[in-house]
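Here are my notes on this one, written as numbered points. Have the coordinates open while you read.

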Amino acid sequence: MLDCFKCLDMKKTGIFAAGVLFGTAGIKILSSKDAKKVYTNCTAAVLRAKECVMKTANTIQENAEDIYEEAKVINQERAAMAEAEVCEDENEDAEAKEQ
């Protein structure tokens with residue numbers, strides 16, 4: 001039976017036992033009431049941050065829609081002016097041909 005213990009590396013076995021001990025203690029700490037309070041407060045902070053980001057995103061989207069609509073109006077006005085200039089040029093050409 002003592003031959004069985006000769007195959008075990010005591011350093012590796014000690015490191016494994018320490019890992020199991022720290023893992024068990026870690027689970028106890030992470031599942032405690034104090035840890036739960038920390039998790040709850042962190043989650044609440046994340047939700048507040050999400051709300052703030054969503055408000056900002058909505059404002060940016062509304063501004064972008066306004067800018068887009070104004071740009072469309074500007075382009076329509078430019079197109080109308082360009083069409084009016086073409087008509088004036090055609091009228092001037094027609095008058096010049098008549099003379």
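1. A definition to start: helices (H or I, at least four residues) and strands (E, at least two) are DSSP runs, numbered from the N terminus, and the expected span of a helix is 1.5 Å times one less than its number of residues. With that in hand, helix 2 (residues 10–30) has 21 residues and reaches 30 Å from its first C-alpha to its last, close to the 30 Å expected at 1.5 Å a residue.

2. Some housekeeping. This is a predicted model, where local features need pLDDT of at least 70, side-chain atom pairs count only at pLDDT 80 or more, and totals for chains, interfaces and linings use all residues. Residues are numbered from 1 along each chain as its sequence is written, and side-chain values use heavy atoms, with hydrogens and water left out.

3. On the overall fold, the protein chain has three helices and zero strands, so reading along the sequence gives α-α-α.

4. Next, burial. Buried means under 20% relative accessible area, exposed over 50%, and partly exposed in between (1.4 Å probe, protein chains only). Of the 99 residues of the protein chain, 1% count as buried. Helix 2 is hardly covered, with a count of zero buried residues among its 21. The protein chain exposes about 9,500 Å², and carbon and sulfur atoms supply 63% of that; accessible areas come from the Shrake-Rupley method with a 1.4 Å probe, and for residues only the protein chains shown count as cover.

5. How many salt bridges are there? Taking a side-chain nitrogen of Lys or Arg within 4 Å of a carboxyl oxygen of Asp or Glu as the criterion, the count comes to two. Side chains of opposite charge can pair when their charged atoms come close.

6. One bridge joins Lys55 to Glu51, with the closest N and O atoms 3.8 Å apart. These two sit four residues apart in helix 3, which means a separation of about one helical turn. Lys55 is exposed at 54% relative accessibility, while Glu51 is partly exposed at 48%.

7. The other bridge is between the side chains of Glu69 and Lys72 (4.0 Å, N to O). Being three residues apart in helix 3, Glu69 and Lys72 are also about one helical turn from each other. Both count as partly exposed, Glu69 at 42% and Lys72 at 35%.

8. Now the surface patches, which are made of residues with over 30% relative accessible area and no salt bridge; like charges are joined within 9 Å, nonpolar side chains (Val, Leu, Ile, Met, Phe, Trp, Tyr) within 5 Å. Glu62, Glu65, Asp66 and Glu70 form a negative one. Lys and Arg count as positive and Asp and Glu as negative, with His and the chain ends not counted; a charge is placed at NZ of Lys, CZ of Arg, CG of Asp or CD of Glu. Glu65 lies in helix 3 (residues 33–98) and is partly exposed at 45%.

9. Leu30, Val38 and Tyr39 make up a nonpolar surface patch with about 290 Å² of accessible area together. Val38 belongs to helix 3 and is partly exposed at 46% relative accessibility.
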